[in-house]
Amino acid sequence: MTFWVENETDLLFDFSVEDTVRAVCEAVLEQEGCPYEVQVNLVITDSEGIWELNKEYRGIDRETDVLSFPNLEFSQEGVFDVDENLEADYFDPETGELILGDIMICAERVFAQAESYGHSVRREFAFLLAHSMLHLCGYDHMEETQGKVMERKQEEILEGLGITRD
């Protein structure tokens, strides 16, 4: 598995971002039974950067905490059926890895939300990452029942990693 991480901000985290990314992404992929080695790109950006992306790609003119850009289209959540005719669009020709997608996390929101919710910055970062990874695996929360499924999965992942609200 390849995880590319780029921090575009001057903010520093008091934990290993790379180790947390690897642990959370691997836990999500294991939970979802992903049969492929994957690539995930993560950019840690600032409020202005995520605001612009949210406006450009979602038509929402405000800051957000995390954005997900899946590379795959899923017919069903967590079912990694790749159309053989589209394999060139989904797999890195050099590594053979499935290009799962891109994640953008707003660093300022991570710190602010951690303080607001009364838990660690690492917990908030891992929560947003797990949430976004589930989007890359085909999940959404447009309906309340879908949202509850995502919430349960996120909590299971974080609890399994020992990343709690403490």
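Let us start with Ser132, which lies in helix H5, residues 121-136. Helices here are DSSP runs of H or I of at least four residues, strands are runs of E of at least two, and both are numbered from the N terminus. Ser132 is buried, at a relative accessible area of 0%. By buried I mean under 20% relative accessible area, by exposed over 50%, and by partly exposed anything in between, with a 1.4 Å probe and protein chains only. Which residues does Ser132 touch, once its neighbours within four places in sequence are left aside? They are Val66, Leu67, Ser68 and Ile103, where contact means heavy atoms within 4.5 Å.

Before going further, a word on the basis of these statements. This is a predicted model, in which local features need pLDDT of at least 70 and side-chain atom pairs count only at pLDDT 80 or more, while totals for chains, interfaces and linings use all residues. Residues are numbered from 1 along each chain as its sequence is written, and side-chain values use heavy atoms, with hydrogens and water left out.

I turn next to helix H6, residues 144-160. H6 has 17 residues and reaches 24 Å from its first C-alpha to its last, close to the 24 Å expected at 1.5 Å a residue; the expected span is 1.5 Å times one less than the number of residues. Which residues of H6 are buried? They are Gly147, Met150, Lys153, Gln154, Ile157 and Leu158. Seen down the axis of H6, these buried residues fall within an arc of 130°, so they line one face of the helix. The arc is taken from the directions that run from the helix axis to the C-beta atoms. That buried set packs against H1 and H5. On the other side of H6, the exposed residues are Glu144, Thr145, Lys148, Glu159 and Gly160. Just after H6, Gly162 takes a positive phi of about 75°.

Helix H4, residues 107-117, can be described in similar terms. Its buried residues are Ala107, Val110, Gln113 and Ala114. They cover an arc of only 130° around the axis, which puts them on the same side of H4. The cover over these buried residues includes E2, strand E4 (98-106) and H5. Turned away from the buried side of H4 is a face that carries the exposed residues Glu115 and Ser116. After H4 comes Gly118, with a positive phi near 75°.

Now to the charged side chains. Side chains of opposite charge can pair when their charged atoms come close. The rule applied here calls it a salt bridge when a side-chain nitrogen of Lys or Arg is within 4 Å of a carboxyl oxygen of Asp or Glu. How many salt bridges does this rule give? The count comes to 7.

One of them joins Arg22 to Glu26, with the closest N and O atoms 3.3 Å apart. Both residues belong to helix H1, residues 17-32, and being 4 residues apart they are separated by about one helical turn. Arg22 is partly exposed at 35% relative accessible area, and Glu26 is partly exposed too, at 31%.

Returning to H6, Lys148 and Glu144 meet in a salt bridge at 3.9 Å, N to O. These two residues are 4 residues apart in H6, about one helical turn, and Lys148 and Glu144 are both exposed. Further along H6, Glu156 forms a salt bridge with Arg152, their closest N and O atoms being 3.1 Å apart. Glu156 and Arg152 also lie 4 residues apart, about one turn of the helix. Are these partners buried, partly exposed or exposed? Glu156 is partly exposed, with a relative accessible area of 39%, and Arg152 is partly exposed at 44%. In addition, salt bridges that share partners join Arg123, Glu155 and Arg165 into one network.

Let me close with the strands and one further helix. Strand E1, residues 2-7, and strand E2, residues 38-45, pair in the parallel sense over 6 bridges; two strands count as paired if DSSP finds at least two bridges between them. Within this pairing, the bridge partner of Val5 in E2 is Leu42. Together, E1, H1 and E2 make a left-handed β-α-β unit. For reference, a crossover is right-handed if, with the strands pointing away from the viewer, the path from the first strand over the helix to the second runs clockwise.

Finally, Glu87 is found in helix H3, residues 87-90, and is partly exposed at 38% relative accessibility. Glu87 and Leu98 are 11 residues apart in sequence and 8.9 Å apart in space, C-alpha to C-alpha.
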